[in-house]
Amino acid sequence: MTTPLPVLVFGIGAAISMAAVMAYSARRSRPQVRKLGPARTYYRVHVWGGLLFLALLILHMSFHLPRSGFGFILWAASIWVVVTGTLGWFLQWLVPKVLTPASSFEVNYERIPEFVNELRGRAEEVVARAEPRIQSYYSQQMASELAAPRMSAASLFAGARGRSTGGVDLLRRTLSPGDAAVLDSLCQIQNSKREVDAHYTLQRVLRGWLTIHLPVAIALVGLVVLHIFFVVYF
Amino acid sequence: MSETIVMMARQFDDRWSSLTARPGLAELSSLRRPDQLRQIDLLREFDDDFLRDISPDLAIATWEPQATLFKAGTYLDVAFYVLDGTVDLELQVGDAHRPIFATRSVPLATEDFNLAPGESLRIGAGDVFGEIGAMNGWPQAVTAHTATRCTLLQIRLPALRKLKRKSKALKQRMDQVYRERTLRQHLRSTPVLQGLAPELIDALAAHVELVSCQPGDVVAREGSPVEHLILVRSGSLRMSQAIGTGEIAVSYVSKGSTVGESELLVDEMATWEVTATSVGYSELVRIPREDFLRVLKRAPELEKRLWAIAGERIKEIASRRAHLDRADLLDFSLAKGLTQANSVLVIDLETCTRCDDCVRGCASTHGGTPRFVREGEVHEGFLIARSCYHCQDPTCLVGCPTGAISRTNIGDTVAIDPAVCIGCGSCAENCQYDSIVIHDLGVTWGPDAMPRHLRGQPRSVASKCDLCREAPEGPACVSSCPHGAAIRVAGAEEFDVLIQTKRRRQLPLVPA
Amino acid sequence: MAEIPPNNRRFDKGFFTRERFAVAAKYLAMPNRARLFKYGGIAALALALVFLADAFIGRASFIAGPLSARHALFAKNCSSCHTAAHGAPNANCQSCHQKSAGERQVYGFAKHYQYRSADVDRSSPHSQEMTCGTCHREHQGRQNTLQNVADNKCVGCHDMRSFHSGHPEFEFARKKIPNPSNLTFQHILHVREVMKEQKLSNAENACLSCHTPKPDGRTFQPLSYAKACDRCHLGETESTPYMPLKSGGRPGVATLAEIRKSASPGTQWAEYWNADEFSEQGGAVKKRIVYHADPWVLYNLQQIRHQLYPGAELADLINTTAELPPEQARTLYEEATGTLQKQIESLRGNQSPDVQNEVSSLTQVLKLIQQRIDEPYAPLDETKFAVTNGDRSGADERAYAPVIDSLTKPCQLCHTVQKATIRRVKTDLRTMVRAEFDHRAHVLHAKCLDCHNVIPFRQYLGTDDKPAPSQDNAQIVNLPTIEKCQSCHTSKAAPATCTTCHLFHPDREHWASLTR
């Protein structure tokens with residue numbers, strides 16, 4: 001083979017680090033194989049292996065840019081995977097730290113629709129017994145928010161969460177204390193819903209990130225296999 | 001009778017009848033009418049309504065000779081009253097299981113009788129046995145066999161509690177039994193009284209008062225005069241102090257510990273420094289002040305020990321008063337049962353990416369169904385997952401009809417044997433922390449299933465965390481988390497340390 | 001403050017019914033992730049199919065890089081260079097670049113050994129043959145010229161880092177190889193004479209009066225007497241003394257008439273005719289004009305040589321054919337082969353050991369000549385053609401010596417006469433046998449004497465001093481050492497890559513000099 005030896009060595013090294021990186025994915029979907037080590041190790045190998053892959057890739061290409069169509073696609077996919085991976089690493093560090101203070105309770109992503117339905121049910125129960133003005137205010141201002149979980153950046157910040165919908169203060173001033181208490185309980189329900197929104201937003205961000213990282217990574221694996229075939233065959 | 005009672009009776013009937021899995025039970029009848037029940041002298045004094053109320057929890061069983069009633073180490077929620085026949089109780093030499101948890105509270109076992117190891121005792125009609133284990137939730141220390149054909153009145157725990165509350169005479173009688181059989185043993189094995197000379201123990205035993213507490217009962221009130229030293233037999237007490245217009249929790253004691261030692265030692269302290277409240281059901285021993293001080297004069301090493309405990313307690317109280325979040329944590333721990341816990345699954349929410357790999361790991365280690373859910377209370381950014389705590393005094397053990405849920409030793413994990421479990425759900429009902437789940441297996445009971453009510457019904461089974469005891473790698477939840485957010489802590493103190501470490505606060509630790 | 005947290009309720013206390021379990025089932029099965037794997041797999045498969053189709057059907061967009069301009073048309077046809085699972089073997093290069101690997105395998109690595117590379121590591125795995133692609137890398141872009149082989153390809157086997165670091169001294173200087181020209185010649189004398197005669201102020205022009213560059217300007221024509229020396233030497237200025245004619249057993253020379261009688265057509269002697277040059281006087285002959293390579297002198301010398309040293313015909317052969325082009329030499333060789341074979345045949349019957357010895361040595365010589373015909377560029381080992389003494393006594397030699405001496409007196413001014421032979425003068429001595437040198441590229445930057453400064457011209461020009469013989473003789477190799485070259489060929493000035501001077505693949509015409 002006329003490939004210079006360093007290029008070949010770095011190429012093989014990059015392929016090996018890619019295989020090590022894939023081990024994390026296998027560990028996640030097959031937790032039975034626990035005797036092969038805790039998932040934490042696999043995660044660390046995945047992240048550092050990915051960075052090593054990038055370094056070896058750069059060396060493998062001898063610091064050149066790719067010169068052919070196929071090479072460009074391989075290279076672009078690799079860069080994309082490593083960059084989104086690094087982004088994901090950062091996100092996985094950041095999101096829990098933002099999400100945890102943003103909400104006083106914990107809810108699983110799959111249970112969120114159920115909770116929102118329950119909150120809405122509770123609100124409707126309260127509203128059913130309330131004064132007509134509260135009822136109309138609710139149906140105009142609050143009902144849409146309680147209809148379904150939604151992505152919103154404002155839900156991450158306590159200040160934005162606590163900000164009431166327009167006109168609440170005015171309405172409260174015109175109500176009797178008993179009705180004001182009813183309005184307050186509605187606002188509390190709304191606040192809870194916003195906290196659920198915070199969970200929904202950030203957990204969706206994490207799941208969405210997976211969408212940009214994983215398919216390209218699988219495609220990259222396939223392309224690398226093809227690349228190895230081409231190198232050997234030609 | 002009302003429909004509910006009929007239904008409950010049917011359930012309980014099945015629970016009783018599943019005991020026929022044990023050889024030796026010749027006949028079992030439950031749900032007697034009040035007039036039938038009043039024929040038993042123990043129950044003579046009660047009226048019809050009361051008897052009707054407790055009748056589902058009573059049964060009359062006839063046992064063959066040489067039948068095993070229960071083995072040592074069993075958790076029972078039944079007290080036995082011998083109507084006819086004789087029963088042998090043996091204290092076998094236990095095998096040395098090393099507990100896996102460092103037990104922080106005293107391992108008090110139900111030594112119903114002041115037996116020496118290998119000794120056995122024969123009891124006959126009119127005797128009661130097993131009620132201490134039932135009341136306190138402790139494992140039996142003796143093995144009981146029937147010597148002859150016996151007829152026993154078997155009283156379940158709810159009825160037992162009601163009986164004791166209703167009847168002073170019964171309470172006195174049972175306390176008498178306790179005094180005679182077990183009190184000395186308990187006093188001797190209490191750490192603070194260890195090594196005390198037997199005559200001093202006797203002196204104490206003569207004057208103690210036995211108290212049963214409901215959840216929330218105030219045992220000692222801050223500012224009121226101190227008249228007793230309180231020793232906890234089972235359950236735990238929450239100690240609080242008034243601050244401003246409210247009160248904060250400053251300490252807690254569980255079984256084997258004492259309250260009131262500093263008040264007794266220091267002459268100037270005539271009133272309680274704390275308010276002591278029972279957290280759940282508690283059994284207490286109250287030692288009058290003068291008797292205790294008399295004994296104290298004759299036992300200088302006891303005094304030294306008490307001073308040490310008092311000193312520690314003062315430090316602890318001061319620390320908690322100075323840092324209200326420590327008090328808050330204590331309340332939280334008491335409420336969530338962390339003080340009882342031996343192993344709590346805590347998830348650091350500031351690291352957890354909500355990927356649920358922990359649940360997945362648990363599920364795949366246990367055949368596809370997870371043993372916990374990633375839900376629960378959140379405290380300081382830590383989620384206490386609803387996973388079994390392996391309590392020091394597990395309430396789930398009491399009442400299992402088949403013995404599927406068990407603990408091999410006092411310091412060991414609590415495990416459910418899925419082959420034996422019939423899915424009745426009593427352990428799940430008893431667990432205050434929602435840690436036991438019942439799930440369908442997808443098959444139905446055959447036509448020859450022993451619990452008759454279940455024949456043809458879908459089969460379900462209880463399951464809970466077993467700490468992955470068989471696996472050398474340890475709990476699957478911890479090793480499946482890619483970020484190391486799932487941590488197992490061994491109780492409230494370790495949780496405290498964890499919070500301090502992870503949230504990087506530099507507060508002085510509460511002395512353990 | 002938020003409402004009571006929802007999961008404080010005991011709504012599902014203890015019972016994980018089937019509906020509730022569906023939620024857990026969702027995050028156990030990770031359907032989202034499974035879906036992403038599926039998409040990724042589909043994408044991978046689609047891309048793979050596209051590129052595979054491209055590889056075997058169409059445009060080869062997976063090519064490793066653009067081809068160089070000269071090979072660009074092969075981009076769509078990978079098999080013109082690549083063989084499946086064998087890379088790009090030399091046979092594919094050969095199909096167009098015939099010279100590269102013909103029967104002589106000039107570009108083969110085995111031939112690279114012929115260039116007397118003593119410093120290469122022969123244990124390397126490439127010791128048999130390297131592929132062309134090892135040094136000439138394709139797929140580096142349109143602008144890439146494959147001929148530009150970088151130094152790092154060479155220094156992988158040769159133990160040096162660059163021209164400046166580790167390059168050995170030139171061989172003639174390192175091994176102090178003298179110039180075996182068999183000539184007596186003094187440069188400084190001649191240059192002074194030429195400058196005076198042609199009234200030159202510049203010594204370099206004097207160089208050019210004898211040393212004529214070849215049309216390509218790279219090297220110089222071989223010196224020939226006719227072009228360089230004839231103007232001043234021999235001719236009418238020289239003549240032989242009266243020499244006795246050959247008679248009976250007495251050594252002597254032959255007359256013109258005799259020679260003409262014995263000459264056969266086609267030989268040099270046959271055309272030579274000028275009786276005026278000869279004068280006879282009482283049994284002795286004198287030639288009035290002696291020319292360079294005078295046939296009469298050479299003929300007589302040959303006759304004497306054959307008398308004294310039988311088998312010397314071969315020396316003649318070498319002498320005459322060494323400077324002829326291969327095709328003409330071939331004729332003579334074939335003649336020689338024929339004669340030798342006849343001789344061997346005639347002697348074969350004789351069983352005496354001396355004769356058999358002679359037969360075996362003649363057979364060997366025949367083999368050598370055959371080799372010479374087959375491989376005209378193979379190194380010539382003249383010792384194999386040495387003239388033997390035969391079985392003549394030394395008396396004959398002594399008797400002939402005066403004749404030889406007077407016959408070759410004019411020759412001896414420059415030539416060495418040994419064993420009745422005028423030693424061959426090697427006029428085209430290639431001391432740089434492994435590298436190429438182009439004079440034309442250098443004359444713009446340096447004058448002749450700047451580099452050719454071993455003989456101290458500048459010291460003696462313009463004076464009448466006589467240089468010592470050791471300073472100025474024909475054995476001196478008047479060539480610069482590596483230091484002189486390194487002074488201009490640095491990495492920042494004149495080019496100093498390996499390929500600047502060295503050829504891995506020399507032309508046929510360079511073979512002669514490179515494979516000495």
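A:T165 touches A:Q141 and A:M142, leaving aside residues up to four places away in sequence. You'll find A:T165 in the loop between α6 (158-162) and α7 (168-173) of chain A. Is A:T165 buried or exposed? A:T165 is exposed, because just 12 other C-beta atoms lie within 10 Å, and a residue with 12 or fewer counts as exposed. Further along the chain there is A:C187, 22 residues away from A:T165, and the C-alpha atoms of the two are separated by 9.0 Å.

One thing to keep in mind while you look around: this is a predicted model. Its scores are ipTM 0.85 and pTM 0.68.

**A helix pair in chain A**

Staying with chain A, have a look at helix α2 (residues 39-60) and its packing against α3(A). Two packed helices are described by the angle between their axes and the distance between the axes. For α2(A) and α3(A), the angle is about 150° and the axes are 10 Å apart. The crossing of α2(A) past α3(A) is left-handed. Which residues of α2(A) meet α3(A)? They are A:V47, A:G50, A:F53, A:L54 and A:L57, and on the α3(A) side they meet A:S78, A:V82, A:G85 and A:W89. Sorted by class, the residues of this contact come to six nonpolar, three polar and no charged.

**Where chain A touches chain C**

Helix α3 of chain A turns up again where chains A and C touch. That contact takes 35 residues from chain A and 38 residues from chain C. On the chain A side, α3 (69-102), α4 (112-128) and α8 (177-233) each supply at least two residues. Which helix gives the most to this side? It's α8(A), with 21 residues. By class, the side of chain A that touches chain C holds 19 nonpolar, 10 polar and six charged residues.

**Chains B and C in numbers**

The table sets out some overall figures for the other two chains.

| Chain | Helices and strands | Buried residues | Contacts at least 6 apart in sequence that join residues at least 24 apart |
|---|---|---|---|
| Chain B | 15 helices and 25 strands | 44% of 512 residues | 77% |
| Chain C | 23 helices and five strands | 13% of 516 residues | 64% |

**A sheet in chain B**

Among the strands of chain B, four form an open sheet in the order β3-β8-β5-β6, with antiparallel pairing. Its edge strands are β3 (68-70) and β6 (120-123), and each of these pairs on one side only. How are neighbouring strands of the sheet set against each other? Ignoring direction, they are turned by 25° on average. If you'd like one pair to zoom in on, try strand β5 (residues 87-90) and β6(B): they run antiparallel and are joined by four bridges. In that pair, B:D88 has B:R122 of β6(B) as its bridge partner.

**Chain C: strands and confidence**

Now for chain C, where strand β3 (residues 284-287) makes a handy starting point. Which residues are on its covered face? C:V285 and C:K287 are, while C:A284 and C:K286 are on the uncovered one.

β3(C) has strand partners too. Strand β1 (residues 243-244) of chain C pairs with β3(C) in the antiparallel sense over two bridges, and there C:P244 has C:A284 as its bridge partner. Strand β2 (residues 278-280) of chain C also runs antiparallel to β3(C), with three bridges joining them. Here C:S279 is matched with C:K286 as its bridge partner in β3(C). So which residue in the hairpin of β2(C) and β3(C) takes a positive phi? That would be C:G282, with a phi near 55°, in a hairpin that has three residues between the strands.

A last word on confidence in chain C. The average pLDDT of chain C is 73, and 71% of the residues score at least 70. Two stretches stay under 50. One is residues 1-23 of chain C, for which the model has 35 contacts beyond four places in sequence. The other is residues 113-127 of chain C, with 12 such contacts in the model.

How values were computed:
Residues are numbered from 1 along each chain as its sequence is written. Chains are lettered from A and ligands numbered from 1 in the order in which they are written. This is a predicted model: local features need pLDDT of at least 70, side-chain atom pairs count only at pLDDT 80 or more; totals for chains, interfaces and linings use all residues. pLDDT is the predictor's confidence in each residue, from 0 to 100. Two residues are in contact if their C-beta atoms, placed from the backbone, lie within 7 Å. Ala, Val, Leu, Ile, Met, Phe, Trp, Tyr, Cys and Pro count as nonpolar, Asp, Glu, Lys and Arg as charged, and the others, Gly among them, as polar. A residue is buried if 20 or more other C-beta atoms lie within 10 Å of its own, exposed if 12 or fewer, and partly exposed in between; C-beta atoms are placed from the backbone. Two strands pair if DSSP finds at least two bridges between them. Axes are lines fitted to C-alpha atoms, for helices over the stretch in contact, and angles run from 0 to 180 degrees between N-to-C directions. A crossing is left-handed if the near helix is turned anticlockwise from the far one by less than a right angle, and right-handed if clockwise.
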